[in-house]
Amino acid sequence: MGNGVPVFPRPIWLDYPESGMTRTDHFQEVLVSMLLDGNAFIRVIRDDSGVVGLTVLNPLRVDVIRDASRRIIYTLRDTQGAAIMAEDMIHISEMRLPGELRGRSRIDLVKETLGLAKALEEFAARFFGQGSTTTGIIEFPGNLTREQAKNLVDGFEEGHRGLRKAHRPGILAGGATFTKTGVDPDAAQMIESRRMSIEEIARVFRVPPSMLSVTTPGAMSYASVEQNGIHFVTHTLRPYIVKLEDAYTRLMPEGVFLKFNVDGLLRGDSTTRAATYSSGLQAGYLSI
């Protein structure tokens with residue numbers, strides 16, 4: 001391929017893709033669309049001089065169809081079905097099944113996992129909101145009317161329900177006794193289940209558990225922060241970077257390509273870098 005050199009002047013749309021929006025904001029919208037919907041749609045605005053702007057569309061409002069001539073056409077739902085031809089649209093999909101025009105969202109593919117995480121959050125909120133030590137039954141030696149039973153339960157809950165009132169001593173009169181029937185969070189494996197949900201969601205989006213403060217045995221694959229960072233760039237960021245590079249290169253002139261520089265993210269510690277420079281000087285492919 002030869003040696004790549006920077007192109008000057010840079011395309012104006014690369015630094016200012018849309019009026020009032022920076023390049024960072026633009027790519028952030030693209031990645032959010034890909035992660036949440038599985039598709040990113042970027043409309044290409046042209047005039048007589050070429051590409052003058054890029055607009056990221058809401059993926060929930062874009063339909064992809066193939067007409068009778070087998071051409072791909074994009075339609076916008078909020079503009080009475082305005083059609084956009086494929087040459088005026090950059091469509092980046094994360095995971096696309098054979099024969100399908102739209103990509104699949106990771107969230108749609110793992111709804112059960114996300115549903116379990118949501119259910120555990122709700123359970124934990126209710127568990128601790130009602131007090132974690134008062135779940136049980138009140139036994140009374142005699143017969144109680146419905147109203148007396150209700151008053152007995154209401155009076156007991158009034159003094160114990162809620163996180164602030166948990167663990168307070170209680171008093172039951174008339175020979176009544178309280179029998180605990182609740183299950184401890186550890187016994188129900190609630191804590192382990194919630195931790196597993198975090199790891200499962202991180203696995204779906206290819207995020208190393210160590211970056212989410214998960215420090216359980218086995219979650220830390222590398223002993224150093226630098227190696228964890230390299231692992232994140234290689235296995236998490238790299239697939240998205242390649243997709244962006246391929247998609248935006250089609251807007252460049254022939255022989256010109258878009259390339260993201262991730263050298264700053266892949267730098268090792270100072271000792272490793274010094275050893276690399278020393279080896280390069282000794283081998284002759286680096287100079288002072």
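Mentor: Buried means under 20% relative accessible area, exposed over 50% and partly exposed in between, with a 1.4 Å probe and protein chains only. This is a predicted model with residues numbered from 1 along each chain as its sequence is written, and side-chain values use heavy atoms, leaving out hydrogens and water. Local features need pLDDT of at least 70 and side-chain atom pairs count only at pLDDT 80 or more, while totals for chains, interfaces and linings use all residues.

Trainee: Happy to begin! How many salt bridges does the count come to?
Mentor: A salt bridge here is a side-chain nitrogen of Lys or Arg within 4 Å of a carboxyl oxygen of Asp or Glu. Arg 23 with Asp 15 is one such pair, and Asp 88 with Arg 46 is another. By this rule, the count for the model is 8.

Trainee: Let's take a pair. How far apart are the closest N and O atoms of Arg 23 and Asp 15?
Mentor: Look at the surroundings of both residues before the distance. Arg 23 has a relative accessible area of 36%, so it is partly exposed. Asp 15 is partly exposed too, because its relative accessibility is 24%. Between the two, the closest N and O atoms are separated by 3.3 Å.

Trainee: And the other pair: how many residues apart in sequence are the parts that Asp 88 and Arg 46 tie together?
Mentor: Helices (H or I, at least four residues) and strands (E, at least two) are DSSP runs, numbered from the N terminus. Asp 88 and Arg 46 make a salt bridge whose closest N and O atoms are 2.7 Å apart. Asp 88 sits in the loop between β5 (82–85) and β6 (89–93), whereas Arg 46 belongs to strand β1 (residues 39–47), so the parts tied together are apart in sequence by 42 residues.

Trainee: Which of the classes buried, exposed or partly exposed fits Asp 88 and Arg 46?
Mentor: Start with Asp 88: its relative accessible area is 26%. Arg 46 comes out at 40% relative accessibility. Each value lies between the two cut-offs, so both Asp 88 and Arg 46 count as partly exposed.

Trainee: Which residues are joined into one network by salt bridges that share partners?
Mentor: For a further pair, take Glu 100 and Arg 104, whose closest N and O atoms are 2.9 Å apart. Glu 100, at 27% relative accessibility, is partly exposed, and Arg 104, at 34%, is partly exposed as well. The network built through shared partners joins Arg 10, Asp 15 and Arg 23.

Trainee: On to the strands. What is the order of the open sheet in which β1 takes part?
Mentor: Two strands pair if DSSP finds at least two bridges between them. β1 and β6 run antiparallel over 5 bridges, and in β6 the bridge partner of Phe 41 is His 91. This open sheet has 3 strands with antiparallel pairing, in the order β2-β1-β6.

Trainee: Which strands stand at the edges of that sheet, and why is one side of each left without a neighbour?
Mentor: The order of the strands, β2-β1-β6, is the place to look. A single partner strand is what each edge strand has, so one side of each is left without a neighbour in the sheet; the edge strands are β2 (50–57) and β6.

Trainee: There is another open sheet, with β4 in it. Which strands are at its edges?
Mentor: The order here is β3-β4-β5, again 3 strands with antiparallel pairing. Each edge strand has a single partner, so one side of each lacks a neighbour in the sheet, and these strands are β3 and β5.

Trainee: Which residues of β5 stand opposite Ile 73 and Thr 75?
Mentor: β4 and β5 are antiparallel, paired over 4 bridges. Ile 73 faces Met 85, while the residue opposite Thr 75 is Ala 83.

Trainee: Which residue in the turn between β3 and β4 has a positive phi?
Mentor: Strand β3 (residues 62–66) is joined to β4 by 5 bridges, and the two run antiparallel. Val 64 stands opposite Tyr 74 in β4. The two strands form a hairpin with 5 residues between them, and the turn residue with a positive phi, about 70°, is Arg 70.

Trainee: Last one: how many of the 5 residues of strand β4 are buried?
Mentor: β4 covers residues 72–76 and is largely enclosed by the rest of the structure. That follows because the number of its 5 residues that are buried is 4.
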